[in-house]
Number of protein chains: 6
Amino acid sequence: MKVLTFGEMMLRLKPLGNNRIIQSDVFEAAYGGAEANVAVSLSLLGNDAAYLTKLPANLLGETALSTLRKYGVDTANVLRGGNRLGIYFFEKGASVRSTNVVYDRAGSAFAEARQTEFDWPTIFSDVDYFYFSGITPAISAELEQAVTAACQYCQQHDIPVVCDMNYRGKMWSPERAQAVMSTLMNYVTLCIANDEDFEATLGIKAFDGDMSRGIDQIDAFKEGMLEVTRRYPGCKMVASVLRNIRSVEDSQWMGLLLSDGQFHETNRYNVHVMEGVAAGDAFGAGLMHSLLHQFDHQEAINFAIAASVLKLTISGDLNLVQESDIRAVMKKGGGASLSR
Amino acid sequence: MKVLTFGEMMLRLKPLGNNRIIQSDVFEAAYGGAEANVAVSLSLLGNDAAYLTKLPANLLGETALSTLRKYGVDTANVLRGGNRLGIYFFEKGASVRSTNVVYDRAGSAFAEARQTEFDWPTIFSDVDYFYFSGITPAISAELEQAVTAACQYCQQHDIPVVCDMNYRGKMWSPERAQAVMSTLMNYVTLCIANDEDFEATLGIKAFDGDMSRGIDQIDAFKEGMLEVTRRYPGCKMVASVLRNIRSVEDSQWMGLLLSDGQFHETNRYNVHVMEGVAAGDAFGAGLMHSLLHQFDHQEAINFAIAASVLKLTISGDLNLVQESDIRAVMKKGGGASLSR
Amino acid sequence: MKVLTFGEMMLRLKPLGNNRIIQSDVFEAAYGGAEANVAVSLSLLGNDAAYLTKLPANLLGETALSTLRKYGVDTANVLRGGNRLGIYFFEKGASVRSTNVVYDRAGSAFAEARQTEFDWPTIFSDVDYFYFSGITPAISAELEQAVTAACQYCQQHDIPVVCDMNYRGKMWSPERAQAVMSTLMNYVTLCIANDEDFEATLGIKAFDGDMSRGIDQIDAFKEGMLEVTRRYPGCKMVASVLRNIRSVEDSQWMGLLLSDGQFHETNRYNVHVMEGVAAGDAFGAGLMHSLLHQFDHQEAINFAIAASVLKLTISGDLNLVQESDIRAVMKKGGGASLSR
Amino acid sequence: MKVLTFGEMMLRLKPLGNNRIIQSDVFEAAYGGAEANVAVSLSLLGNDAAYLTKLPANLLGETALSTLRKYGVDTANVLRGGNRLGIYFFEKGASVRSTNVVYDRAGSAFAEARQTEFDWPTIFSDVDYFYFSGITPAISAELEQAVTAACQYCQQHDIPVVCDMNYRGKMWSPERAQAVMSTLMNYVTLCIANDEDFEATLGIKAFDGDMSRGIDQIDAFKEGMLEVTRRYPGCKMVASVLRNIRSVEDSQWMGLLLSDGQFHETNRYNVHVMEGVAAGDAFGAGLMHSLLHQFDHQEAINFAIAASVLKLTISGDLNLVQESDIRAVMKKGGGASLSR
Amino acid sequence: MKVLTFGEMMLRLKPLGNNRIIQSDVFEAAYGGAEANVAVSLSLLGNDAAYLTKLPANLLGETALSTLRKYGVDTANVLRGGNRLGIYFFEKGASVRSTNVVYDRAGSAFAEARQTEFDWPTIFSDVDYFYFSGITPAISAELEQAVTAACQYCQQHDIPVVCDMNYRGKMWSPERAQAVMSTLMNYVTLCIANDEDFEATLGIKAFDGDMSRGIDQIDAFKEGMLEVTRRYPGCKMVASVLRNIRSVEDSQWMGLLLSDGQFHETNRYNVHVMEGVAAGDAFGAGLMHSLLHQFDHQEAINFAIAASVLKLTISGDLNLVQESDIRAVMKKGGGASLSR
Amino acid sequence: MKVLTFGEMMLRLKPLGNNRIIQSDVFEAAYGGAEANVAVSLSLLGNDAAYLTKLPANLLGETALSTLRKYGVDTANVLRGGNRLGIYFFEKGASVRSTNVVYDRAGSAFAEARQTEFDWPTIFSDVDYFYFSGITPAISAELEQAVTAACQYCQQHDIPVVCDMNYRGKMWSPERAQAVMSTLMNYVTLCIANDEDFEATLGIKAFDGDMSRGIDQIDAFKEGMLEVTRRYPGCKMVASVLRNIRSVEDSQWMGLLLSDGQFHETNRYNVHVMEGVAAGDAFGAGLMHSLLHQFDHQEAINFAIAASVLKLTISGDLNLVQESDIRAVMKKGGGASLSR
């Protein structure tokens, strides 16, 4: 069973520790991106994962590519060319200071890729699942068309489509997002939507925007998830991460899955967050892994949320854990013991 | 509106992370000092800020000076000469282990400066506010005289004087502090006093010394603040940071302002402290900024305490934040969101 | 009063921060081992401490030796020779992710040492106390014989023997551990046993294995400790660290001492753990220091637990603190104040 | 006497040491650019130096700006706005491996600036010298127009114009360069041209392209320099750095100045190059400093080449030296002594 | 055309810069090994390269494996299991101080692998060339048998065998080396032998042991190479790197190839060595690449020596260069220019 | 045979690599001092070495002390107290840029020590050799008296006195140096004098001050050395390091020993200098080691100069080498080989 993910990979530059950019003469470099993160995680969990993107034919594109290869991702169809690798600067927050991102992604090789560069029949020749997030169609009209073409191909060839709505307010407006995503949702089998995603990308109210009490709004989430399945009958499953975020370090997390009309909730995890990024991608990968291995629904959402909170303890965009690490978290007291 | 601050700038040497000196072969270098920190913060908030000190005419003095310039502080009147830059070694604590400071400041260029080196009419020619802390007169008798002369000049020329009492038990005794500060207070318009400052520098009991329950003693603080205004009628405002400190990382903070006989309290902030230094200077700068921009009293103290708790998330002595960062903290849930 | 400790010293290699090995191109190097840690701590507390081990005659053995010397440990009897220094790789956990250790200690100089290499009469010529942990006899049959010979020598020469049971499930089974330790316990005057040690090394049930509620089982611990003294009448004191561990960072710690049939309990410490290793060795050293200086029993256990929780704030295996640091923790609010 | 320099400032990202990008998870960050480097150097040499550019209104633009301020450059007229700060990745070569640069500068705030944004009468109000390099007009047609307008303003107001030809083959072709530079040269008083600059920007043959024997071609250089003054009578001085480069580390450098028809040559310096960038900017700044302080012609070129070779020992783009450092190099054996 | 290389991969731990182990609390980690280096280099040059070894099923084995994958090496047949990854500690020399290596490789997964674990028909199913070095049979008798079996398989299936003699005096004696290698040489088509290799592994005198004048002994080398072809008629090509090493940094290098009875010599390279390891593996990979692409003999040796001296500028064991980098070195003055 | 050395130990703070202070936010910390360096080197060479100084009773003094212990130096008589540890900032030069030192040593514990604090009979109770350098009496009049008292004690008890003249122009004038040293020389048995030492401390002309051609002046050195023995008949041996220093990295070194009226010269070493400090102390230690082990005179000076040039490859003040390392350099081509 092979999964293909499709999206943009960027260079992340981060000052050491919690430093601000203005006081930094060193940046840590990491390479990632929502769909790349999912592919890497699936590969580290033992699955066959391929990634599709376009990377510049320079040393930075080569390095991004080598990162994917390092973790076992199939990069055979990655396009090379274009002008640059997108970059983002990442100031890790602390306590009352929010994490801050400066994007420098305009003009990237992927952003300027043409839809005609993607030869879907070849790309999908041995693919069993297709995964993308809302970021990909948000990047450009060409990529929106490319995603649509991919989804259509999948529909025609019975390849299930998984989509993490992943709304990015710096990339498009709710209006444009809804126009695009409401169409794409017709191809989606499993939809992942968190927090503001419901309203921003689907126009469905499920969360009031207060990140400090997402879990407290679980009923509204459930109603929103049901509405998703009502509007998009092909969408059989909807999954969410719910969070009460009290500060940069301190939060509670739980998973919620609607499947075949049934809700499955996980325990709440109290987490001390080391780096609050890409936990959604880890969740998505955990869920995909559960699908690929036919975990039952409760185990599936348990596995996904454990993968997600584990990511909060890993630096960089990639969830560098194996299945045994996730299983350890799923057991009570996973964080407590030192095995020696 | 231009603010002048007057004090000593030192080199801070800190082992990496929470390491102890004995296990360190690397020190992080940072340059700061109470009044320099205030000047930098005011400048970063968009104000015209000048700093007065004396720095040695060597590469270390040059580097301290360049730090001030980097953040836009006017250093035109900084004196150069003398023997050395004061140094302090800083072991950051953790949990039950307190932060530990080894001072090596004797014989510094500033400590050995003569009062006659400061030409106040020139220095104050375009200054609208004067700021100093109790550290400056504690350094030497010459500097005590210099501060006094500056205050007298300010009184004669209607330049308001702001003083953070900033008691340092390693520098002088309560007796000497009270002898000096009780005189200087006659020139002060806005007095900042925290914790032990009331008793050690003014002989006014307002806090019992238990840092784990400063907020709990708010009534005693209020009584102490009122007593300050009774004793020093020229002092129109008294401001304090109140804290319940449970461990090196874990504390609650709030601000309290007495102004025109009215008290203004802020919310309590639960903070996970990254580096517990110079938060008082950030508070002073926040308050000064509020004065310069004529925020109302409640907004002023709200702004000041938000600036202060934000400093707890920044490494080094300088509060490297802009007004928008402080405003984000002032809103509920400031620490929770990642804007992307 | 001179203490001799006997055990293995290893090189610890740790990725920076909380990084995983797969993402690390740098390792921090530290040298330690249970009994070496005790010797260093005793030396830093001002005691005369000697350490006995065997180190390879290469640059790594030399560096391990120099670490001991740096902290004042008497290394005059350390043997040199053999093939290699044992190594372990250490991934520091975070939040829900447990700390992870990869051992690479087989074939070390110490593991392959012969019992006949240790000339006990010479080694013990000026020694007043002997300290070892259960790790030493677990390493090899030769070392088990060496420890036995050392204990017999001590018994014959009235040198009190202190043993930290220190069960390591990766090194031996409970069956083998019990066979060996139940014999060695006949020589032991002061026994330190934590958590699983009671059952794994002595076959005495005192703890149900749930690290999140060790303190909650204090009554079972007490019963276990009494049973130890019943079985081994020569063992006059039994000491334990009890913990409620909620996550990698968040735990409560307390000490418990049974001495002359009386129990002495300490306060509970809430600690934010920086590095959760070698706190047991710090506890043992604190207890030894208390014995050497004849602290009363309550002060002894108070001192030991304060030393132990302080270690949780120090990186590396060695408890790099002085008596004044421990005394500061013993006072209420030790973690709160910054002395300046 | 105030100098204005005009050009682009970029973020330079460099792997540690001589590492390649593909093996780097850390980049050193430095901010610079040909004309910014000149302004910083002039300021550090004690001159009044202003810099004109456009920087984005984000944290990276702020950091670039703070770098200029740190070294005392007047940034009052720097424009803020646009999309991004230009970046270049820098792999430092070694021995037979050339230094390698990956540019990522398209779409920068400066590259997209409009000529109308530069208000020359205000900008030049207190300026005595104008300095730019051939990079600035190479960036865009708008900037070419801006430079032309600036030069015309200077001509009308008797402000001498200094230009370092600074040909960059990755930015424009010799044809376009010659079309533009041959016009701009009509405004130039002092022209700096090295190596390929003569031919690529002026169509004058003075060097055969073999970097290993630039000094050996001194006669051709002289002929080229004379031709420059023949073609552009307003150009009173032409200066060059001549080099025999044997490897990344190993080279010989000398300066050559044509002034009032006379040639002035310096000694040859054997240099062990630490970082072979921005030495031309250091040369230009050294020459400007000589002009500002009216050094005689021989001293001027001696000073400039010493400044230039000194830059080869400094990491980053900025020549962080003072006049005394340059004077020490000018003396024989400058590199040999340790003053203590 | 696919190449298989077979050997051991180890973790290299190196103090920063030129530090000694005793002064280091940080080690840089790199993964490599003679045959792994060749496989990585071939892959980076665009070839299909597979690597065969056995790695432990722990995080270190995983990391070694991920390094191979990162650079595109086919690891499908790598065995997992055994106890540990071999380690070596590497003190980089400087000037008169030689580089120093402390091996800690005993008991590694590969060293304890059984010959029966290697299923040659499967492993060689799509392989066109086989490469190993003398290190592999030196590790154990089992591996000697494994190499022999592999060679026999190659002989039977017309797969050319390439061997770098790579004598390691710390691993076996000349007597044992000669006994083994003289047999294996009967299968070898292309033999690479440097310096002491001729005598130590083949008993052929070609070099007197003075590394400061290897090039000066070129005639003796030629005689030795001819003798190799006389003794082993199946060996059609013999290649060597000749060096005059004056100090750790300073040396001259040239290549020499005997092919079809003809000698092909390269120019001499003066190199400033950054890290003098694995240059022989880079040479071997360069030669293999030349074979795979049917370069003529002179170009082949030119390419190989350029690849080799380029490695001296790269840190770590792997020659992280592309063909264009090698071509740049092959041109005169490759180290001199900065392309921008 | 035990050697006592007597002098000041300081903290050295050095920017990374060749960085300048103004661009550094990190300093490497190392502890050393001329006589401490000699003691450490003697200890590492296997000798019994004691060190006498006064260190402050704070964490920096403790760390300096622990450095001595780490390398096996006997610190039993080190005094504790006083105000501070002396510091110096060290900018490592490169090529034409000289190394630059900023001293911050005034007011150190040692500089303010009183001569009466040194109890010579106790200190010398088991000492066989006494070593000091001219730095010690240069620090203060009290220390000059202390050194004199020590020398007198040695004379009375037949303890040979070794002195490295070690002139420091930043500490005293030639006049004061000569007044003091000409007296102390009456107690000295072995005198080490380099470069300017002859003239500055003894008023004997032996070197013209041109560091680029010290070796070229060997005859003048010889004459100066003879003059030393003529003036001070008790001084049986005079030793010098002669250097031709061409740049920071590039120099030639040789040793010269006058003993019993005979001169012994070493070969010249071409060295690529990594860090040009404390090579004189390494030379002194090498010579002392030769004396202690009764090497013949030629071997003694050969050993000393090899130790000295080896130090040029070690970072920090301490010559972290063993006798085998020095012996390897003594052999021809020591820098060339890699043993593996």
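Q: What makes two residues count as being in contact?
A: Two residues are in contact if their C-beta atoms, placed from the backbone, lie within 7 Å. By that test, in this predicted model, Asn302(E), Phe303(E), Ala306(E), Ala307(E), Val309(E) and Leu310(E) of H10(E) meet Asp325(E), Ile326(E), Val329(E) and Met330(E) of H11(E).

Q: What kinds of residue make up the contact of H10(E) with H11(E)?
A: Eight are nonpolar, one is polar and one is charged. Ala, Val, Leu, Ile, Met and Phe are among the types that count as nonpolar, while Asp counts as charged. Asp325(E) is one of the residues on the H11(E) side.

Q: Why are H10(E) and H11(E) called parallel, antiparallel, perpendicular or oblique to each other?
A: Let's start from the angle: the axes of H10 (residues 297-311) and H11 (residues 323-330) of chain E come within 9 Å and cross at roughly 100 degrees. Angles of 65 to 115 degrees count as roughly perpendicular, so H10(E) and H11(E) are roughly perpendicular to each other.

Q: How do you know which word suits H1(D) and H9(D)?
A: The same kind of reasoning works here. The axes of H1 (residues 34-44) and H9 (residues 279-292) of chain D come within 8 Å and cross at roughly 45 degrees. Roughly parallel needs an angle under 35 degrees and roughly perpendicular needs 65 to 115. H1(D) and H9(D) are therefore oblique to each other.

Q: Is the crossing of H1(D) and H9(D) left-handed or right-handed?
A: The crossing is right-handed. On the H1(D) side the contact is made by Ala34(D), Asn37(D), Val38(D), Ser41(D) and Leu42(D), and on the H9(D) side by Asp281(D), Ala282(D), Gly284(D), Ala285(D), Met288(D) and His289(D). They divide into six nonpolar, four polar and one charged, with Gly counted among the polar residues.

Q: What makes the relation of chain F to chain D that of a particular axis?
A: Chain F can be laid on chain D with an RMSD of 0.0 Å by a turn of 120 degrees, with a shift of 0.0 Å along the axis. That is the relation of a three-fold axis. In chain F, Gly17(F) comes closest to the rotation axis, with its C-alpha at 5.3 Å.

Q: How many residues does each chain bring where chains F and D touch?
A: Chain F gives 26 residues and chain D gives 23. The chain F side divides into seven nonpolar, 12 polar and seven charged.

Definitions and conventions
Residues are numbered from 1 along each chain as its sequence is written. Chains are lettered from A and ligands numbered from 1 in the order in which they are written. This is a predicted model: local features need pLDDT of at least 70, side-chain atom pairs count only at pLDDT 80 or more; totals for chains, interfaces and linings use all residues. Axes are lines fitted to C-alpha atoms, for helices over the stretch in contact, and angles run from 0 to 180 degrees between N-to-C directions. Helices (H or I, at least four residues) and strands (E, at least two) are DSSP runs, numbered from the N terminus. Angles under 35 degrees count as roughly parallel, over 145 as roughly antiparallel, 65 to 115 as roughly perpendicular and the rest as oblique. A crossing is left-handed if the near helix is turned anticlockwise from the far one by less than a right angle, and right-handed if clockwise. Copies are superposed by least squares on the C-alpha atoms of residues with pLDDT of at least 70 in both.
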